[in-house]
Amino acid sequence: MNRPSPAPAGTLPSATPRRARRETARRLARRRGRLTATALVLVCGTAVTLTAPLLLGAIVDAVTTGAGNGRITALGALLVLVSLTGAALTLAGGRMLAGLVQDTLAGLREEVFEAAVQLPAETLESGGSSDVVSRVTGDVEAISEAASGVLPQLTGALLTIGLTLAGLAVLDPRLALAGLVCVPVQWYAARRFLARSHLVYGDVRRLEAERGQTVIEAVRGAETIRAYRAQEHHLGDLADRSLRAVDRQRDGVRLANRFYGGLHIAEFLGMSAILVMGFALLESGAITLGAATAAALYFHRLFGPIGALLTGLDDIQRATVGLGRLIGVTDLGADRARPVAPAGGPGAAGKPGAAGRPGAAPPSVEVSGVTFTHPGATRPALRGVSLSVPGGTTVALVGASGSGKSTLARLIAGIGRPDEGRVTVGGDDAHRAPGAYLVTQETHLFGGTLADNLTLAAPDATRAALEHALAESGAVRALPPGTGLDTVLGGADGVGLDGGAVQHLALARVLPADPPLLILDEPTAESGPATPALLTEALRRVTRGRTGVIVAHRLEQARDADLVVLLQDGRVAEQGTHEHLLSREGEYATLWRAYTQGHRAPARTHRMNPPRSMES
């Protein structure tokens, strides 16, 4: 496979132009029948249209030779019929071609989105959210515009040029040779333009993505920016990035202007050569006035197609750059494909495979000597971590912020790979093991109905299964009165939910998916004072009968777990049951006392899974 070409640091890769062309040809080959039919219609339309200059030449000869009105009228009627037929065929062929390319593009856009959501979070975050957004919006728009408007014109232009040169050769080969005078100038202008424009347009797309990322970050952090009175700094940064993008766009405009100037010179030279050659041949009696007229008209008709062909290269280059950026994402996704698709927010899940079917036996988790450093970091987030979690038990990861809890949980979920050591789930490497489900601390309410939000992880779930999930998880008690499966949530017209209710939905999504391994990263972090008890009960229910890994935001979650692991500075400091760690009077015991003094912990619930002896 052709790999994506290297990208500047902090951006996702892009495919090379050659790779983009090969991928386009491969996708169009899947629709070979439609492509053949479209080509036939376009060829017929062009061929019919190009009989018009011949008919005009015949009319000129009929007038100069004194032919009767009947012949002239018949030729005129035939000219009208030919023009209408050619226009109809050209229109139909253009629509067929646009539809074909749009269908192909729709499939590519879906694959890009699927590949993007399956990539590790650190890979997407390396380029910023604006990089992905610009690819599936701006790049797709550039390709769509080229497919709908430019590509049909270019296809028709190529056919017109070829058949027109054949028509000139039929009139007199010397006329065709005279018309070729313009080719060297056009070739030089096109070659110079193509050699430079690809780099310029690639830079423009990248700079626009960086500008968009600056806007997104400023909007997200607007309150913080205002609090520190840093508006001027961020506005200046945005202006600087905008100017860099505009300057590069100006480079593109200068290239295009030189290109168009070269085309105009070529047209002048070609028409001059045709007129001189036509006059010479007419004087020598080699051709008639009608043939000379037809030759001039043929070449004049080439102005539009040649101009469309060569000026369309500008749009094609933009589309090629966009296509390369899209294929770069799909290639990256193919290179890193794995059965588990990590969550991008609460409740997102991997697709269960053969070994991770809903209802499968809970797998064991083994973490052996794992060291991991985040991209760009100077110190490891985890150092020599080892951990054993038997199938069907629940482990709570506790520790201060930055101790490595979330990093370890994500490695178990298969998001990222350790620098050293190994993480296995059910005996398979975690990044290959199917059936894992991750609920993160970042809450998100997806637009749509309540049912739409619940079926994200289990699209085929029945309404009965969704209602059971709401009841079993207790989410029904966290939702506003009257909220049903068909109630629209979020947006301007939907029902709004607080953070606790959204986290309840994230936990409710677990039940229809029924994953054997559940990873929860601070699943109650957004709960308000009225919902912690409800969420704690929901947590107990959704982890029942599964292997669970919980990054504990509230220590009562650790108390109810089968195994507690205390992380400090990326290392395992203590592990064992809640009671065992309290009896040791170590760091965990100190942490528990501080927590219970500042919080009134809910009454103890039953263990999330049957207790096991795992003290160490």
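Salt bridges number 22 in this structure, which is a predicted model. Three of these pairs, and a network, are described below, followed by a contact between two helices.

One salt bridge joins the side chains of Arg-241 and Asp-237, with a nitrogen-to-oxygen distance of 3.4 Å. Both residues belong to helix H10, which covers residues 231-283. They stand 4 residues apart, about one turn of the helix. Buried residues have under 20% relative accessible area. Arg-241, at 23%, is therefore partly exposed, and Asp-237, at 27%, is partly exposed as well. The pair also takes part in a wider arrangement: a network of salt bridges links Asp-203, Arg-206, Glu-210, Asp-237, Arg-241, Arg-248, Asp-251 and Arg-254.

A second pair connects separate elements. Arg-463 and Asp-486 form a salt bridge in which the closest N and O atoms are 3.3 Å apart. Arg-463 is located in helix H14 (residues 463-473), whereas Asp-486 is located in the loop between helix H15 (475-478) and strand E8 (488-489), so the salt bridge ties together parts that are 23 residues apart in sequence. The two partners fall into separate accessibility classes: Arg-463 is partly exposed, with a relative accessibility of 44%, while Asp-486 is exposed, with a value of 55%.

Helix H14 also contributes a residue to the third pair, in which the side chains of Glu-472 and Arg-544 meet in a salt bridge with an N to O distance of 2.5 Å. Because Glu-472 lies in helix H14 and Arg-544 in the loop between helix H18 (532-543) and strand E10 (547-551), this pair ties together parts that are 72 residues apart in sequence. Arg-544 has a relative accessibility of 43% and counts as partly exposed.

The remaining topic is the packing of helix H3 (residues 51-64) with helix H4 (residues 69-118). The axes of these helices come within 10 Å and cross at roughly 165°. This angle makes H3 roughly antiparallel to H4, because angles over 145 degrees are placed in that class. The crossing of H3 past H4 is left-handed.

The residues that bring the two helices into contact can also be named. On the H3 side they are Thr-51, Ala-52, Leu-55, Leu-56, Ala-58, Ile-59, Ala-62 and Val-63. On the H4 side they are Arg-71, Ile-72, Leu-75, Gly-76, Leu-78, Leu-79 and Val-82. Sorted by class, the contact of H3 with H4 comprises 12 nonpolar, 2 polar and 1 charged residues.

Conventions. Residues numbered from 1 in each chain as written. Predicted model: local features only at pLDDT ≥ 70, side-chain atom pairs only at ≥ 80, totals over all residues. Heavy atoms only, no water. Salt bridge = Lys/Arg side-chain N within 4 Å of Asp/Glu carboxyl O. Buried < 20%, exposed > 50% of the residue type's maximum accessible area, 1.4 Å probe, protein only. Axes fitted to C-alpha atoms, helices over the stretch in contact; angles between N-to-C directions. Parallel < 35°, antiparallel > 145°, perpendicular 65-115°, else oblique. Left-handed = near helix turned anticlockwise from the far one by under 90°. Contact = heavy atoms within 4.5 Å. Nonpolar A, V, L, I, M, F, W, Y, C, P; charged D, E, K, R; others polar.
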